[in-house]
Amino acid sequence: MQENQVGSMATYKRLMSYVTQYWVVFLFAVLGMIVVALTETAFAALMKPMLNGSFVEKDPEIIALIPLALIAIFLIRAIGSFVSGYGMSWIGRNLILTIRNQMFTKMLTLPDSYFDQNQAGTTISKFVYDTEQLANAATQSVTTLIRDTVTLIALIAWMLYLNVFLTLCFIVAAPLIGVLIAVVSKRFRTVSRRIQTSMGDVSSIVDQSVRAQRVVKIFGGHEFESNEFGLVNKRNRQQQLKLAFTTALSVPVIQLIIAVAMAGVIYLATMDGVKETVDVGTFMSFFFSMMMLFAPMKRLSNVNVDIQKGIAAANSAFNLLDQKSENDTGTKELSSVAGDIHYSNVCFEYETSHKRVLNNINLNIKHGQTVAFVGRSGSGKTTLVNLLPRLYELNEGVIEIDGHDSRDYSLSSLRQHVAYVGQETVIFSATLRENIAYGLMSEASEEDIIKATKAAHAMEFINDLPDGLNTYVGDKGIQLSGGQRQRIAIARALLRNSPILILDEATSALDTESERHIQEALEELVKNRTTMVIAHRLSTIENADLIVVMDQGEIVEQGTHEELIQRENGSYSALHQIQFKNADEKSVV
Ligand SMILES: Nc1ncnc2c1ncn2[C@@H]1O[C@H](COP(=O)(O)OP(=O)(O)O)[C@@H](O)[C@H]1O
Ligand SMILES: [Mg+2]
């Protein structure tokens with residue numbers, strides 16, 4: 001509990017450090033708030049001369065002045081109100097802008113392991129929901145805290161000036177309200193934290209079902225998905241209602257307490273011995289002040305809720321910001337790479353896999369060589385090649401590139417020399433040209449783009465599209481077939497023209513005909529670069545300089561096609577036989 005409060009304070013301080021960056025605007029806004037608070041009190045104070053002077057004593061000077069004073073008060077108030085209202089909104093929107101940008105930048109540097117462990121929906125909800133909430137805590141509640149506290153103090157000071165006895169009686173009621181607020185707010189913290197997780201769950205499930213909608217339909221997953229969503233949705237409602245219940249209950253209870261206090265004051269003011277000291281103006285001004293205390297008190301009693309909600313949201317956002325980025329301590333800049341790759345005693349375990357996925361891998365690849373990896377699915381081929389561009393950190397062993405530990409290079413300079421076609425092809429919502437000339441290659445010349453596209457045999461289908469390379473694809477554009485997507489991904493990698501090329505089942509979605517064409521193009525391409533290729537069809541890798549056979553995270557055989565095929569009882573020759581047989585059967589059909 002104690003620790004929790006310290007944590008909340010630290011979070012709030014950190015949140016406010018963003019606000020104080022805009023201290024000039026903040027200063028004006030705070031000034032505006034104070035002006036609003038003081039004019040509020042001035043308005044209550046005006047009651048006294050208005051009633052006594054204008055109506056009781058009928059003083060002509062006061063009669064003339066009061067309306068002007070009233071207008072003046074509200075004019076000043078309007079200015080203060082605008083400056084504080086707009087100023088705080090300005091700070092709030094800038095706060096959201098800054099934090100969102102920071103979160104996004106951070107997100108792009110997070111290691112793969114973060115994405116293995118966190119659902120996309122949770123991360124999305126941090127961007128969409130939490131940032132709004134924390135800005136609210138930083139601006140709205142600060143406004144309430146400052147403006148309403150000043151109002152409260154000024155009004156009570158005025159009331160004390162009017163009548164000490166009555167004011168003290170009123171103040172007695174305050175601790176009661178205080179206790180109530182404390183009880184209520186404690187409950188909020190837990191509830192609002194739970195709401196945030198359940199918001200994340202809602203978006204996660206929607207996100208997943210949207211992406212899997214086809215599988216859901218065909219495999220009849222409607223009921224399962226609906227049930228799961230129903231549960232999460234219901235839990236969200238429960239949490240929200242709990243929050244609403246506490247809010248809805250606390251307000252009228254506080255109002256009731258205040259009403260009782262007001263009734264008490266009327267009773268006290270009309271007591272013998274007191275009523276002689278209170279004239280009409282004083283009483284009305286006092287009563288009016290008390291009524292005006294009501295709104296700021298109510299807001300102040302709720303402010304804790306907003307702050308707690310904001311702190312919970314800020315914790316969630318800061319949690320993302322505090323994630324460890326990818327290790328990037330290497331300082332060597334690779335300007336050019338030959339492409340000698342050396343794995344020695346490499347062991348690897350995913351944070352979530354709890355078992356070694358790669359065990360003692362030793363591998364020597366000379367520059368310009370093409371190395372093919374084969375083996376059952378799950379044997380660790382993808383993991384092995386992903387370690388080269390350091391998508392994951394090694395647990396043990398070293399991977400050397402051109403004789404230096406790959407960790408000594410800066411990530412950007414290392415990756416700059418690696419082109420990659422992953423197992424899952426990624427297509428951005430953008431034009432085909434932007435998809436191919438992506439990232440570092442966005443400035444590529446038209447000639448190079450067309451060359452790469454042709455080599456990937458993507459030009460054939462692109463030419464049939466009405467806008468050619470300018471066709472918009474992805475979520476909001478035309479959809480591509482699996483093979484077309486792969487060809488785009490290959491074109492992207494070819495355009496990169498890097499000394500190291502990784503192809504992870506890059507042609508698995510292509511028909512044999514297209515694959516053969518691309519194969520020819522690739523053969524041309526791999527000539528002067530180091531290529532790591534994971535093949536699903538052995539026929540495509542017979543010419544590789546080295547074939548590495550993997551099983552259960554270990555290299556079980558390596559050699560050329562000729563060497564391996566001759567081994568009796570060898571894994572490769574066994575695999576080869578199976579595929580060969582299949583191919584025969586296919587040709588018969
Ligand atoms: N992101 C991940 N988190 C945890 N385990 C993983 C992850 N990716 C792969 N694995 C596990 O690592 C093993 C090797 O997978 P992978 O390298 O993808 O094999 P392959 O490419 O040969 O099919 C498998 O047992 C798989 O379950
Ligand atoms: Mg794989």
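**Close-up views of a predicted model**

**View 1. A521 in helix 17.** A521 counts as partly exposed, because 16 C-beta neighbours lie inside 10 Å, a number between the limits of 12 or fewer for exposed and 20 or more for buried. As throughout these views, the model shown is predicted. A521 belongs to helix 17, which covers residues 512-525. For a partner to display alongside, try L494: A521 and L494 are 27 residues apart along the chain, and their C-alpha atoms are separated by 9.9 Å.

**View 2. The loop that leads to helix 17.** E505 sits in the loop between strand 9 (500-504) and helix 17. The backbone is worth a look here, since E505 has a positive phi near 45° and is a residue other than glycine. Is E505 buried or exposed? With 21 other C-beta atoms within 10 Å, E505 is buried, as the cut-off for a buried residue is 20 or more.

**View 3. Helix 2 and the residue that follows.** Helix 2 runs from residue 23 to residue 56 and has 34 residues. At 1.5 Å a residue these should span 50 Å, and the end C-alpha atoms are 48 Å apart, so the two values agree. Along the way, helix 2 bends by about 30° at M50. Just after the helix, look for K58, where phi is positive at about 55°.

**View 4. Helix 3 from end to end.** The 50 residues of helix 3 (residues 60-109) have an expected span of 74 Å at 1.5 Å a residue; the end C-alpha atoms are 74 Å apart, so expectation and model agree. Which residues of helix 3 are buried? They include G80, S84, G87, M88, I91, G92, L95, I99 and M103. While reading that list, keep in mind that an α-helix has 3.6 residues a turn, so residues three or four places apart point the same way.

**View 5. The kink by P67.** Zooming in on helix 3, one finds a kink of about 25° at I66, shortly before the proline P67. P67 is itself part of helix 3. Because 11 other C-beta atoms lie within 10 Å, P67 is exposed; the limit for that class is 12 or fewer. To frame P67 together with D511, a wide view is needed: 444 residues separate P67 and D511 in sequence, and their C-alpha atoms are 88 Å apart in space.

**View 6. An open sheet of four strands.** The strands of this open sheet come in the order 2-1-4-5, with antiparallel pairing. Its edge strands are strand 2 (358-365) and strand 5 (404-405), each of which pairs on one side only. Inside the sheet, five bridges join strand 1 (residues 341-348) to strand 4 in the antiparallel sense. One pair to pick out is S344 with its bridge partner in strand 4, V398. Next to S344 comes N345, also in strand 1, with a positive phi of about 50° although N345 is not a glycine. N345 is exposed, because 12 other C-beta atoms lie within 10 Å, and 12 or fewer is the limit.

**View 7. The hairpin at one edge of the sheet.** Strand 4 (residues 396-401) and strand 5 run antiparallel and are joined by two bridges. In this pairing, E400 stands opposite D405 of strand 5. How many residues lie between the two strands of the hairpin? There are two, and D402 in the turn takes a positive phi of about 50°.

**View 8. A second hairpin, strands 11 and 12.** Five bridges pair strand 11 (residues 546-551) with strand 12 (residues 554-559), again in the antiparallel sense. D551 faces E554 of strand 12 across the pairing. Two residues lie between the strands of this hairpin, and Q552 has a positive phi near 45°.

**View 9. The surroundings of ligand 1.** Ligand 1 is surrounded by 13 residues, of which Y350, S353, K381, T382 and T383 are the closest. Helix 11 (residues 381-386) supplies the largest share of this shell, three residues. By class, nine residues of the shell are polar, two are nonpolar and two are charged.

**View 10. Two assigned domains.** Stepping back, the domain assignment of the chain places domain 1 at 2-321 and domain 2 at 418-497. The C-alpha centres of domain 1 and domain 2 are 51 Å apart.

Note on methods:
Residues are numbered from 1 along each chain as its sequence is written. Chains are lettered from A and ligands numbered from 1 in the order in which they are written. This is a predicted model: local features need pLDDT of at least 70, side-chain atom pairs count only at pLDDT 80 or more; totals for chains, interfaces and linings use all residues. Two strands pair if DSSP finds at least two bridges between them. A residue is near a molecule or strand if its C-beta atom, placed from the backbone, lies within 6 Å of it. Ala, Val, Leu, Ile, Met, Phe, Trp, Tyr, Cys and Pro count as nonpolar, Asp, Glu, Lys and Arg as charged, and the others, Gly among them, as polar. The expected span of a helix is 1.5 Å times one less than its number of residues. The bend at a residue is the angle between axes fitted to the seven residues ending there and the seven starting there. Domain bounds come from an automatic or database domain assignment.
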